[in-house]
Amino acid sequence: MKGKGPMDTQDLVLELTTEMLHLAFPERRTSDIRSKLMADLASGQALDAFKRVITAQGGDCRFVDDPSAMGSARYHTTIEAECSGYLEKIDVQQLGYGIISLGGGRTHKDQQIDTTVGLSGLQRQGCWFDAGEALCTIHANSQEANQTALRQIKQAFIVGEKHRVDTLIRTTM
């Protein structure tokens, strides 16, 4: 919401939000909705609204303005491409299981989430990699969780000879 994220992620969020608002307000043109969303992002109104939602749910907004206030994980492990090739596929379900094993997600609503763990530097499908180049970095707070996540997350990346890029939105219904 600060305009610093990857363009494909920004485009995806704008497209999905435009579609949701159009479903709620079918009399509005999608081009007008998207223009308003872009203006709200540029002016900071979207970020202010996000902070109000966090506060209303009992959250701490400090992390929005200063992510370092969250702290950081104790262990950082880079997953490297085992061979040269294109990143053909990323199994996001497998990534999710890896994050859960780190403590960054939950399988039951009463479980606590460790906000210091997770993944960073996640590479994009379709990119070329030489053997040894980083595919992502795991952030963990225990060696055991790190090793479990490492096994799970390594399986999520398929590097091969096909240059394939999926569209972010295939179709709408």
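**Helix H5, its surroundings and a small sheet**

At the start of H5, a side-chain oxygen of aspartate 91 comes to within 3.1 Å of the backbone nitrogen of glutamine 93. That contact, like everything else described here, is read from a predicted model. At the other end, just past H5, glycine 103 adopts a positive phi of about 100°.

Between these two points, the helix has two quite distinct sides. Gln94, Leu95, Gly98 and Leu102 of H5 are buried. Looking down the axis of H5, these buried residues fall within an arc of 105°, so they line one face of the helix. The face turned away from that buried side carries Val92 and Gln93, which are exposed. So what sits on top of the buried residues of H5? The cover includes strands E2, E3 (118–120), E5 and E6, along with helix H6.

Much of this cast turns up again in the largest nonpolar core, which has 19 residues. Ile79, Leu102, Ile138, Ile153 and Phe157 are the ones with the most contacts inside this core. At least two core residues come from each of strand E2 (85–90), helix H5 (92–102), strand E5 (134–140), helix H6 (143–154) and strand E6 (157–160). Isoleucine 153 makes a good example to look at up close. Setting aside its neighbours within four places in sequence, isoleucine 153 touches Ile79, Leu95, Gly98, Leu119, Cys136 and Ile138.

Two of the strands just mentioned also belong to an open sheet. This sheet has 3 strands in the order E4-E2-E6, and the pairing is antiparallel. Strand E4 (128–129) and E6 are at the edges with a single partner strand each, so one side of each has no neighbour in the sheet. In general, the strands of a sheet pair through backbone hydrogen bonds. Here, E2 and E6 run antiparallel and are joined by 4 bridges. Leucine 87, for instance, has valine 159 in E6 as its bridge partner.

On the E4 side of the sheet, the aromatic rings come into play. The model holds 1 aromatic pair. Tyrosine 86 and tryptophan 128 make up this pair, which is edge-to-face, with 5.1 Å from centre to centre and 80° between the planes. Tyrosine 86 is in strand E2 and tryptophan 128 in strand E4, so the pair ties together parts that lie 42 residues apart in sequence. How accessible are the two partners? Tyrosine 86 is partly exposed, at a relative accessible area of 25%, and tryptophan 128 is also partly exposed, at 45%.

Terms used. Residues are numbered from 1 along each chain as its sequence is written. This is a predicted model: local features need pLDDT of at least 70, side-chain atom pairs count only at pLDDT 80 or more; totals for chains, interfaces and linings use all residues. Side-chain values use heavy atoms; hydrogens and water are left out. A nonpolar core is a set of buried Ala, Val, Leu, Ile, Met, Phe, Trp, Tyr and Cys residues joined through side-chain atoms within 4.5 Å. Buried means under 20% relative accessible area, exposed over 50%, partly exposed in between (1.4 Å probe, protein chains only). Contact means heavy atoms within 4.5 Å. The arc is that of the directions from the helix axis to the C-beta atoms. A polar contact is a pair of N or O atoms within 3.5 Å; within protein, one must be able to donate a hydrogen and the other to accept it, and residues adjacent in sequence count only if both atoms are side-chain atoms. Two strands pair if DSSP finds at least two bridges between them. Rings of Phe, Tyr and Trp (its six-membered ring) pair if their centres lie within 6.5 Å; planes under 30 degrees apart count as stacked, over 60 as edge-to-face and the rest as tilted.
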